[in-house]
Amino acid sequence: MIYIQNAAQLATLGGAGNKPKTGKEMEELGLIEHGGIVIEDGIFTFVGSDEKARSYVEQHAGNRQVRVFSAEGKTVTPGLVDPHTHAVFAGSREFELNLRLQGAKYMDILNAGGGILYSTECTREATEEQLVAETVKRLDRFLAHGVTTIEAKSGYGLRLEDELKQLRAARRLDASHPVDVVSTFMGAHAVPVEYRGDADGYVRCVIEEMIPAVAREGLAEFCDVFCEEGVFTVEQSRDILEAGRSWGLKPKLHADEIVSCGGAELAAELGAVTADHLLHASEAGIQAMAESGVIAVLLPGTAFFLMAKPADARAMINAGVPVALSTDRNPGSSPTESLPFIMNLACLTMGMTPAEVLTACTINAAHAICRADVIGSIEVGKQADLVMFDAPNVLYLQYHYAVNLVDTVFKKGEAVIQNGRRVWG
């Protein structure tokens with residue numbers, strides 16, 4: 001039995017039911033002053049005031065050992081959830097920074113053979129073991145920043161054997177690392193060089209070869225596509241996502257990142273789990289997402305790093321779209337594992353409130369990867385993933401920006417980070 005005692009502030013994020021939070025609900029954190037938590041067999045068994053938690057321990061401990069962790073002066077939240085990453089890849093692209101500072105645009109770099117295509121070349125050359133070894137370091141950094149679950153996309157293979165290699169590496173990492181890794185197939189991340197000028201031919205390859213192979217091996221839960229001008233059209237994206245669904249893969253979209261091209265509307269039409277990026281989503285697209293319940297996964301770190309105007313989070317929240325946040329961890333447009341910094345950016349560049357960003361990185365992010373029945377809130381019966389921040393309250397998390405305030409992380413009821421340092425493995 002584990003007893004976490006006397007948290008200065010405990011943000012449970014409970015009470016959302018089976019739907020993500022929208023509108024004013026995103027401000028409701030389920031705060032408990034001087035909170036206490038009891039964990040048994042990796043599950044939350046008591047959540048409430050510290051006085052009642054102490055009484056629960058006295059009544060239920062019996063002859064069992066009770067391990068006590070003090071959260072005095074600290075804020076406790078659910079383990080953070082990152083619902084959009086490209087974390088499994090080889091190589092890096094720091095050389096592109098100078099190009100962008102000199103005025104090169106994202107699509108200019110991609111069309112010149114850089115960007116995703118450069119990462120594809122590196123990933124194709126890497127072995128599965130190399131991908132695992134490089135990604136472990138990223139997962140370690142995620143965990144040190146309070147992230148206990150991530151989604152990880154393929155999409156740097158762009159041919160069957162290398163897409164499978166990425167997804168197999170993700171599966172191995174999920175089995176061996178404290179951070180849970182939820183996999184998404186994204187063979188439609190770009191048109192590879194061998195199909196240049198024949199995007200339709202590559203779409204057929206994704207539909208007829210890649211999706212069936214991924215599904216047969218059970219390597220992914222979701223199917224994603226980069227629906228964008230100069231990448232995959234709305235029609236091509238629809239065909240890919242419908243094919244994925246026919247094989248049991250739930251649809252997600254990279255939508256309206258560079259220009260408004262109807263991606264948000266397509267997400268609503270298909271009833272996608274999420275539409276992501278959305279920097280240029282139309283008013284009609286935002287309204288359609290709200291009506292269909294599509295979750296907007298916003299990536300302020302990507303806009304920040306590309307020196308672009310971020311998505312209109314306030315318009316989406318006001319329209320009733322459930323909003324989640326993510327690092328978009330990738331080698332080109334968002335090379336960071338710090339979800340807390342992304343939360344800072346969401347406040348400072350998109351006008352979200354501290355309460356909204358915490359909701360967006362916990363319970364709503366859990367819904368964005370279809371895991372909200374297990375993680376995303378501190379509620380009795382859920383998996384005991386939590387973070388203790390060296391902060392007196394949730395406001396301080398956004399006030400003291402760009403600093404890692406994580407003190408302790410629990411994953412499935414076990415302390416994996418203590419005093420900011422790794423204690424697992």
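Hi everyone, this is a short tour of one helix pair and the empty spaces in a predicted model.

Let's start with the helices. Helix α8, residues 234-246, and helix α9, residues 263-270, have axes that come within 11 Å and cross at roughly 30°. Angles under 35 degrees count as roughly parallel, so that is how α8 runs relative to α9. The crossing is right-handed. On the α8 side, the contact is made by V234, S237, R238, L241, E242 and R245, and α9 brings L266, E269 and L270. Sorted by class, that contact has 4 nonpolar, 1 polar and 4 charged residues.

Now, the spaces. The largest pocket has a volume of about 380 Å³. Its lining counts 17 residues, and K105, Y106, L306, M307 and A308 lie nearest the centre. Two elements, α3 (106-111) and α11 (300-305), give two or more residues to this lining. By class, you'll find 10 nonpolar, 3 polar and 4 charged residues there.

What about closed spaces? The structure holds 2 cavities of 30 Å³ or more. The largest cavity has about 100 Å³ of space. Of its 14 lining residues, H86, Y106, H189, N330 and S333 are the closest to the centre. This lining divides into 4 nonpolar, 7 polar and 3 charged residues.

The second largest cavity has a volume of about 50 Å³. Among the residues lining it are R93, E96, R100, Y106, L306 and S333. Helix α3 gives the most to that lining, with 3 residues, and the class split is 4 nonpolar, 3 polar and 3 charged.

If you have the structure open, try Y106: this residue is among those nearest the centre of the largest pocket, and it also lines the second largest cavity. Thanks, everyone!

Methods: Residues are numbered from 1 along each chain as its sequence is written. This is a predicted model: local features need pLDDT of at least 70, side-chain atom pairs count only at pLDDT 80 or more; totals for chains, interfaces and linings use all residues. Side-chain values use heavy atoms; hydrogens and water are left out. Axes are lines fitted to C-alpha atoms, for helices over the stretch in contact, and angles run from 0 to 180 degrees between N-to-C directions. Helices (H or I, at least four residues) and strands (E, at least two) are DSSP runs, numbered from the N terminus. Angles under 35 degrees count as roughly parallel, over 145 as roughly antiparallel, 65 to 115 as roughly perpendicular and the rest as oblique. A crossing is left-handed if the near helix is turned anticlockwise from the far one by less than a right angle, and right-handed if clockwise. Contact means heavy atoms within 4.5 Å. Ala, Val, Leu, Ile, Met, Phe, Trp, Tyr, Cys and Pro count as nonpolar, Asp, Glu, Lys and Arg as charged, and the others, Gly among them, as polar. On a 1 Å grid over the protein atoms alone, a cavity is a set of points where a 1.4 Å probe fits but cannot get out, and a pocket is an open set with protein on both sides within 12 Å along at least five of seven lines; lining residues have an atom within 4 Å of a point. Grid points are joined across faces, edges and corners, and a volume is the space filled by probe spheres set on the points.
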